[in-house]
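Work through these exercises with the sequence and the model side by side. Try each task before reading its solution.

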Amino acid sequence: MLKLRFKNNKHNAVWLVEPKVTVGRETANDLVVDDASVAATHAEILVDHEQLTLVNLSGGQALFVNNTAVPDRTALQKDDVVTLGKVELEVVDPKSEPKATATVMREDKATGWSLKANHTALSNRVFSLKKETVVGRSNECDITLAAAHLSRRHATLTIRSGQLFVTDLGSSNGTFLNGKRITEARVKRGDELRFDTLSFGVMGPAEDMDKTSVRSAGAVPAPKPKAAVSAKSTSTSRKPSTGPQAGASGSEVGGSVAGDGDTAGRGGMGWLAWLLVAGAAVAAGAWYLLQQGGA
C-alpha cells in the first residue's frame, strides 16, 4: 500500500486507500495542505487496488506531476512528485523505507491493554493503551494513524476498573467491534476492533477480566453454636426413703420379684409333667385295645 506525504515532512501523510483520497486547503480533505496557493479541494486520487489516478479539481490552478502539467487527470505511481501550487507531495512505499514511521504514538504508562495491527502496512505493530487513548488521523491524537478515511479524532479507548471500552467520536466511516458498527461498547481480549478499514486485534491482561468481583463485607462474626437439646429425665418422682426403711423396701421388692420368678418356673414344669403322664396313659390305653382286638 502506498502513501502520499509532504516531501519535506515524512510524518504528515495519508494512506492511499480505496475508493479515493482528497487533497486541498479545507479541513474536510483527507490530506490538508494549508497554503494560499492551493484550492479548497485541489485534487483527488482515485484508488483501485494498486492503480492510482490523479484528478485535477482546482478549477484551473496549477497541478503538476514530475513537473508535467495535469489539466484533467493522469496515472500515478510510486516515487512520483505531485505539485499543488507551491507545495510538493510525493508518492512513497513505506516498505522500501525501513526508517520511515507509519504512525506517531505518544508513550504512556502501560495498562496491560494493547492493540495489534492486522494490516501489513502497519508492520503488525503493537500499540500500548493508557487509561484514555484517542485514535485518529490528527497528530494531536495519542495514536496517530495516517489513513485517508480515518477521522481526525476517530475514537477513544478508555480503561475503567480494569475493563476496556471504546467510544466512537462521531467519525464519518465508523468504528466496528467484531464486524458490527458501534457507538460505544465494552471490548474484550481477543476481539477485533476496526477503525474504518484499519483492523486491530485486542490484547488484554492475563487475568480473566470477566470474573465476578466480590465486594468486601468486612469482619464477619463467627456463627453462633447451635443450642444443645437437653433431654429431660423421665425418672419416676418418688419420695426418697432414708435409713433402714430404704433397705427394707429394696429387700422386699427384690424378694418379691425372686419369689414370683420361682413360682412361675415351678408352674411351668408341673404342666409339662402332667402332659407327659397323660400322653403315656393314652398310649397305654390304645395299645391295650389293639391287643384285645387281636385276641
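Helices (H or I, at least four residues) and strands (E, at least two) are DSSP runs, numbered from the N terminus. This is a predicted model: local features need pLDDT of at least 70, side-chain atom pairs count only at pLDDT 80 or more, and totals for chains, interfaces and linings use all residues. Residues are numbered from 1 along each chain as its sequence is written, and side-chain values use heavy atoms, with hydrogens and water left out.

**Exercise 1. Take stock of the chain.**
State how many helices and strands the protein chain has, and what share of its residues is buried.

Solution. Start with the elements: the protein chain has 1 helix and 23 strands. Next, apply the accessibility classes. Buried means under 20% relative accessible area, exposed over 50%, and partly exposed in between (1.4 Å probe, protein chains only). Of the 295 residues in the chain, 35% are buried.

**Exercise 2. Inspect the loops.**
Find the cis peptide bond, then look at the phi values of Asn67 and Asp79.

Solution. The cis bond joins Glu18 and Pro19, with omega about 0°. Pro19 sits in the loop between strand S2 (9-15) and strand S3 (20-24). Move on to Asn67, in the loop between strand S7 (63-65) and strand S8 (68-69). Phi of Asn67 is near 70°, a positive value in a residue other than glycine. Asn67 has 70% relative accessibility, so it counts as exposed. Asp79 is not a glycine either, and its phi is positive, about 75°. Asp79 lies in the loop between strand S9 (73-76) and S10. With 54% relative accessibility, Asp79 counts as exposed.

**Exercise 3. Locate the largest nonpolar core.**
Which residues touch the most other members, and where does the core lie relative to domain 1 and domain 2?

Solution. First, the term: a nonpolar core is a set of buried Ala, Val, Leu, Ile, Met, Phe, Trp, Tyr and Cys residues joined through side-chain atoms within 4.5 Å. The largest one has 54 residues, and Leu4, Leu16, Leu89, Leu145, Leu157, Phe195 and Phe200 touch the most other members. Domain 1 (3-91) and domain 2 (114-203) both give residues to this core, so it lies between them. These bounds come from an automatic or database domain assignment. Now zoom in on Leu16. Contact means heavy atoms within 4.5 Å. Beyond four places in sequence, Leu16 touches residues including Met1, Leu4, Val21, Ile45 and Val91.

**Exercise 4. Trace Ala117.**
Is Ala117 buried or exposed, and what does Ala117 contact?

Solution. Ala117 belongs to strand S13 (residues 114-117). At 1% relative accessibility, it counts as buried. Set aside neighbours within four places in sequence: Ala117 then contacts Leu122, Asn124, Arg125, Phe127, Ser199 and Phe200. Check Gly201 too. Ala117 and Gly201 are 84 residues apart in sequence, yet 6.5 Å apart in space, C-alpha to C-alpha.

**Exercise 5. Place Asn173.**
Where does Asn173 lie, and which residues does Asn173 touch?

Solution. Asn173 is in the loop between strand S18 (163-168) and strand S19 (175-177). Its relative accessible area is 31%, so Asn173 is partly exposed. Not counting residues up to four places away in sequence, Asn173 touches His149, Arg181 and Asp196. Finally, compare Asn173 with Thr197: they are 24 residues apart in sequence and 8.6 Å apart in space, C-alpha to C-alpha.
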